[in-house]
Amino acid sequence: MRFDLTEEQKLLQESASRFLERDYGFEKRRARVKAGDAFDRRIWKTFGEMGWLSIIVPERDGGLGQSVIEAALVAEELGRGQVLEPYVACGILPVKLLTGLAHSRHADLVAGLLAGEVVAALAHSEPQARGNVCDVAANARLGSSGWRINGRKSLVVGAPIADCFIVSARTSGDRTSEQGVSLFLVPADAPGLRVEGNRLMDWSSGADVVFDNVSVGSDALLGNVGMAAPVLQDVIDEAIVLLCAEVVGAMEGAIDVTAEYIKTRKQFGVAIGSFQALQHRMADMAIELVQARSAVYRALQAIQLDSPRKSIDISGCKAFVTRIGKWTTSQGIQLHGGYGMTEEYKVGQYFKRLLVIDGIFGRMDYHLNRYARAIAHQDWSDQGRKLPIGT
Amino acid sequence: MDFKPDISEQAFRNEVRVFLSENLPSEIAARGRSGYLAAADDQRAWQKILAKKGWSVPHWPVEYGGTGWTAAQRYIFDEECYLAGAPTPIISGIGLVGPVIYTFGSEEQKRRHLPGIRSGDVYWIQGFSEPGAGSDLASLRTSAVRDGDHYIVNGQKIWTSKGKYGDWNFVLVRTDPKAKPQAGISFILIDVRTPGVTVRPIESLEGSHHLAEVFYDNAKVPVENLVGEENKGWDYTKFLLFNERAFYGAEAPALKRYIQKIRRYASLERNGDAPLISNPTFAVRLAEYELEVMAIDMSVAQVIQAGLNERNGGNAIGSILKVRGTELAQKLTDMLVEVIGDYGAAFFPDFNEDAKFRGANHIGPEYAPGLMAELIYRRASSIYGGTNEIQRSLIAKTRFGLQSAKS
């Protein structure tokens, strides 16, 4: 193992922080959210130009051929910079799915996604699923002219701004069975497709997508029919780790602005940072940050080594990192006092981002329970077998 | 010691319940049960209904419109109102400035202001904190300079709850800049329509505008609006802050309602094929929180029965209940958001603050709006009314005589 960044990785990280300084000042961001502008297509194109959307795509498919580690470096910077555009959910995730499943058939679309000219969103979750990618009630039926899709998808990040959707729907089997989940590519303007809701609590874009007899051609199917659950789980696992990397950036950002604040804010004639109660809180926040970063490293390691426990370890990572991330950013608000509760200060935006990340791809109850059940079946991973998906 | 419930208290509880079922409008109750802060129009409407019954200021002395109830009865009343979904009372009026006026105010002030507070016709707002004076309230700088039969007020207040609805403002001002910080403060009543007074709402994290800054630019305030004596305002404030902490610190009814809501919603929400509540990871956490809430509820009962307070040896019980109560409120509102799964990440507009969203369609279960707003809003409860850090220092000092080292 080595923990220092390569020259290339350093350059990548620096390019991200330079971009944030130049294009993502807090006042600019605040003006944008006030105007209801959660997604700036010019900025998304910049992501494309910087290569951030193609980091993990193999070079033969037009990408940079790097790993999830490089993507995590970018995600962490974007978390610190409070970037509204959903880099992980609308950038990395759809690109990874499309290149993995059907690159040759959708080469133009993939090129558009990598360049940041086209935006895709993943519509996989449903209200009862709570993180289980196999729990799919939306269905797709094959008719003479193609597929007909019905159902409701919840918490679709980027839904209001997406040009197309990758949607999971059941083509056979019981509602929760691993077999029978398929993925389809659906244009946003398909008749019968409806977006309900418009934004998430942290100002970013997200909503429900309702499919009401939406017809697509037989070529809309991505990958093999009924076999999408393992692919989906794999891609979502990586996305979870990247969101956790974003959390680390958010935690560090919250800690930095809070440290600065308590050094300058005066009460009782002294800087409030001179009070031991506050110093100890800052110390606890710093401890959680170290833990969070290392938990993300562990999850990245599981991906790199393709461990049989990978998916379970990533569930553990999400439960752990979001819990301590929520606590750390909430204490940033606490130490800011009333100012922390306003839209005018940066610290609260970190907390709200945590609240949203907590909700994406399943919450703590799902992931902790999944991890706990894997403890009871430790022999599974000891034998190098993968746990069934959805457990 | 005897833990049998009091039969007369039970009868009183039933009387309150009957009154609520007959008089609390169901739309107001539905909004009151949501996680959003009470709507100002609902607060006024409910205050009027209570006033008609003679129940709008139960804790005041009978001569000023109080009910003469025991502390236990008052608590039962507050709890039943809360659990039924009644809007929270206009606390700044009936809980804060009202008692200051009838205790320290002139006969003219009582005659002029108490009726409007009782009836809900006049919405009072508080002007205490300043940008530079939060936890260290005594360092406040808003000044009032005597000029004939007026004070000229200049300065700025912040964190004024419900500022944009305010009719009258009770304000701490510095009248003697040379005295020690606590000694030069006066308590003054200001009509918000006075020229030179400007209210600017603050945008809160959860999306509402219930807080405000209030600016005073050469506002002319008649001398007769001074409460009590000049430069004695700090004493009145201590009296008022004590009322605030003793009555509202633990918020046990709110905690109990959170537990009820979690149980109900988690029985309705599906976790795959089973209700969420049957997820053991979830249920164990709820069990731990419920045990805490049941204990705090018993502490509150004890405080009320014993008439315990800081003045008669309560040993920092107000601070103790405030710290633990707010911590629990934060954990429980967090869990409530977790219950609604994917919909816990969505933004829902505040229909209590903005009437145009009342009855509007939204995604997710009918109980989804307001849960996230309340989670975020609850972060403030460990800040306002004395931060939990300040409360812990108070506990250490009061219980054990421990003092911070002088730096």
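# A guided tour of chains A and B

Begin by selecting chain A, which has 12 helices and 10 strands. Its radius of gyration is 21 Å, close to the 21 Å that the globule rule gives for 391 residues, so chain A is as compact as a globular protein of that length. Please keep in mind throughout that this is a predicted model. If you turn chain A along its principal axes, the C-alpha trace spans about 80 × 50 × 40 Å. Colouring by burial would show that buried residues make up 54% of the 391 residues in this chain. Of the contacts in chain A between residues at least 6 apart in sequence, 73% join residues at least 24 apart.

**A stop in chain A**

Next, select A:Trp203 and look for the loop between β6 (193-196) and β7 (206-216) of chain A, where this residue is found. Although A:Trp203 is not a glycine, its phi is positive, at about 80°. Is A:Trp203 buried or exposed? It is buried, because 23 other C-beta atoms lie within 10 Å of its own, and 20 or more are enough for a residue to count as buried.

**Chain B as a whole**

Now hide chain A and show chain B, which has 12 helices and 10 strands. For 407 residues, a compact globule would have a radius of gyration near 22 Å, and the 22 Å of chain B agrees with that. The C-alpha trace of chain B spans about 75 × 55 × 50 Å along its principal axes, and buried residues make up 45% of its 407 residues. When contacts in chain B with a separation of 6 or more are considered, residues 24 or more positions apart account for 72% of them.

**Two single residues in chain B**

Select B:Asn231, whose place is in the loop between β8 (226-227) and α7 (233-248) of chain B. Here too the phi is positive, about 70°, although B:Asn231 is not a glycine. B:Asn231 counts as partly exposed, because it has 17 C-beta neighbours inside 10 Å.

From there, move to B:Pro99, found in helix α5 (residues 91-104) of chain B. B:Pro99 is buried, with 21 other C-beta atoms within 10 Å. If you draw a distance from B:Pro99 to B:Ala396, C-alpha to C-alpha, you should read 29 Å, for two residues that are 297 residues apart in sequence.

**Helices α8 and α9 of chain B**

Select residues 252-268 of chain B, which form helix α8, together with residues 280-306, which form helix α9; the two pack at an angle of about 155°, with their axes 9 Å apart. Because of that angle, α8(B) is roughly antiparallel to α9(B), angles over 145 degrees being counted in this way. In passing α9(B), α8(B) makes a left-handed crossing. To see what fills the contact, show side chains: from α8(B), B:Ala252, B:Leu255, B:Lys256, B:Ile259, B:Ile262 and B:Ala266 meet a set of α9(B) residues that includes B:Phe282, B:Tyr289, B:Glu290 and B:Asp297. By class, the residues of this contact divide into 11 nonpolar, no polar and 3 charged.

**Helices α9 and α10 of chain B**

Keep α9(B) on display and add helix α10 (residues 317-339) of chain B, which packs with α9(B) at an angle of about 150°, the axes being 11 Å apart. These two helices are therefore roughly antiparallel to each other, and the crossing of α9(B) and α10(B) is left-handed. The α9(B) residues in this contact include B:Arg285, B:Glu292, B:Ser299 and B:Val303, while those of α10(B) include B:Ile317, B:Arg324, B:Gly325, B:Lys331 and B:Met335. The contact of α9(B) with α10(B) has 11 nonpolar, 2 polar and 4 charged residues. B:Leu286, B:Tyr289, B:Val293, B:Ile296 and B:Val300 are among the α9(B) residues that meet α8(B), and they are also among those that meet α10(B).

**Where the chains meet**

Finally, bring chain A back and select the residues at which the two chains touch: how many residues of chain B are in contact with chain A? There are 33 of them, in contact with 42 residues of chain A. On the side of chain B that touches chain A, β9 (270-271), α9 and α12 (388-400) each supply at least two residues. The residues of that side divide into 12 nonpolar, 12 polar and 9 charged.

Key:
Residues are numbered from 1 along each chain as its sequence is written. Chains are lettered from A and ligands numbered from 1 in the order in which they are written. Axes are lines fitted to C-alpha atoms, for helices over the stretch in contact, and angles run from 0 to 180 degrees between N-to-C directions. Helices (H or I, at least four residues) and strands (E, at least two) are DSSP runs, numbered from the N terminus. Angles under 35 degrees count as roughly parallel, over 145 as roughly antiparallel, 65 to 115 as roughly perpendicular and the rest as oblique. A crossing is left-handed if the near helix is turned anticlockwise from the far one by less than a right angle, and right-handed if clockwise. Two residues are in contact if their C-beta atoms, placed from the backbone, lie within 7 Å. Ala, Val, Leu, Ile, Met, Phe, Trp, Tyr, Cys and Pro count as nonpolar, Asp, Glu, Lys and Arg as charged, and the others, Gly among them, as polar. The radius of gyration is taken over C-alpha atoms; the globule rule is 2.2 Å times the number of residues to the power 0.38. A residue is buried if 20 or more other C-beta atoms lie within 10 Å of its own, exposed if 12 or fewer, and partly exposed in between; C-beta atoms are placed from the backbone.
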